[in-house]
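Please open the model in your viewer and keep the sequence panel visible. The tour below moves from one selection to the next.

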Amino acid sequence: MTPTVLITGAGGLLGAHLAAALAPEYDVVGTDRHPWWGDLPIRFVQGDLGDAGFVDRLMVETAPATVIHCAGLVNVDRCEEDPALAFAMNGAVTGRLARALKPGGLFVYVTTDGIFRGDTPLASEAWLPCPRTVYGRSKLHGEWETQLGAPEHLIVRTNFYGWSSGRKPTAGEWLYTALATQAPVTLFDDFFFTPLYVGELVERMVALIESGHRGIFHAGGADRVSKHEFGIQMAAASSLSAANITPGSMDAAGFRATRPKDMSLDSARLAAAIGLASPSCMDGLRRFVADRGTPLSARSLRRGR
Ligand SMILES: NC(=O)c1ccc[n+]([C@@H]2O[C@H](COP(=O)([O-])OP(=O)(O)OC[C@H]3O[C@@H](n4cnc5c(N)ncnc54)[C@H](OP(=O)(O)O)[C@@H]3O)[C@@H](O)[C@H]2O)c1
């Protein structure tokens, strides 16, 4: 029998791409409070994970061998405004799902590069977390709930971009649109990260799950770039002008919470575990541009398939 993989947040950016990548080989069940928008038929259960009864019924009725938990309160400002909701959604819901998994099941938690203090380049899995934001603290709480609730687990800390359903355009889509329309944008030259295209993240997560490794892994690209450099590279990958991009400082942005300035990750552990080197920033951006306007099923989500 094909093992059942339950993907939460399957209506969102990462969850939808994971569902599309796994559907040809696994019995995929997607769940989200929004409808399924992919072009591949999957089993889909619409509901709110904030409803404990829904979570319990979902876990009993689908009895998954693997849960990939992508749903979360991802809006950093919203988390600052409502910490109780952030901890309930990113922490408590994670624990409820993890504890409901049948013995021997694998729980995969997708978490953030924002769990570190963010003042030193290329954080490794050995570093002690010290999140600055409510979002980061609530995601760290989710990591602990995962470790406590599910003996067999993977915790994947990452940062990615891609094409959404269009319901909630991603930062990558926003930037591409600004380049295509030459709308003026200011991009930080003092904020650094190691972004992955969502297709690159999906192929790494699937390889990691199938490899049998367990524990914490960082999943980032090979290049530590500023937001400004990322914009310049996106323009080059898209053959668009970067004349509309102005460099700016995070210090002038007036964010509600003090945000980390260096969220770059060292992903050497993941590369060694799955035998797949971290991709360059330009590699990912070329795939992002090539996948523009394509249906989910046509995107390159699994290496060699
Ligand atoms: N994007 C990044 O660069 C990044 C970086 C680090 C970590 N992550 C983590 O990766 C995961 C996936 O991120 P993503 O960018 O794919 O997010 P996304 O596009 O917002 O997808 C998450 C999906 O889950 C849904 N959801 C949220 N709360 C729910 C609830 N209570 N019940 C049912 N569905 C719910 C969301 O609906 P709504 O849109 O209505 O909330 C959305 O459809 C998240 O856990 C995030 O913390 C993302």
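A residue counts as near the ligand if its C-beta atom, placed from the backbone, lies within 6 Å of it. The model shown is a predicted one.

**First stop: the ligand.** Select the ligand together with the 25 residues around it. Among these residues, Gly9, Gly12, Leu13, Leu14 and Gly72 come nearest. Colouring the shell by residue class will show nine nonpolar, eleven polar and five charged residues. Next, highlight α1 (13-22) and β5 (106-112), each of which supplies at least two residues of this shell.

**Second stop: the nonpolar core.** Stay with α1, which gives the most to the largest nonpolar core, with eight residues. That core has 76 residues, and Ile7, Leu18, Ala19 and Val108 are those with the most contacts inside it. Now centre the view on Ile7. Leaving aside residues up to four places away in sequence, Ile7 touches Gly15, Leu18, Ala19, Val28, Gly30, Ile68 and Cys70. A second core, separate from the largest, consists of five residues, including Ile115, Phe116, Ala123 and Leu265.

**Third stop: helix α10.** Select residues 281-290, which form α10. Which residues of this helix are buried? They are Cys281, Gly284, Leu285, Arg287 and Phe288. These five lie on the same side of α10, because they cover an arc of only 160° around the axis. To see what the buried residues pack against, add the helices α6 (171-181), α7 (198-211) and α8 (227-237) to the selection. The strands β7 (160-161), β10 (196-197) and β12 (225-226) complete the set of packing partners.

Definitions and conventions. Residues are numbered from 1 along each chain as its sequence is written. This is a predicted model: local features need pLDDT of at least 70, side-chain atom pairs count only at pLDDT 80 or more; totals for chains, interfaces and linings use all residues. Helices (H or I, at least four residues) and strands (E, at least two) are DSSP runs, numbered from the N terminus. Ala, Val, Leu, Ile, Met, Phe, Trp, Tyr, Cys and Pro count as nonpolar, Asp, Glu, Lys and Arg as charged, and the others, Gly among them, as polar. A residue is buried if 20 or more other C-beta atoms lie within 10 Å of its own, exposed if 12 or fewer, and partly exposed in between; C-beta atoms are placed from the backbone. The arc is that of the directions from the helix axis to the C-beta atoms. Two residues are in contact if their C-beta atoms, placed from the backbone, lie within 7 Å. A nonpolar core is a set of buried Ala, Val, Leu, Ile, Met, Phe, Trp, Tyr and Cys residues joined through C-beta atoms within 7 Å.
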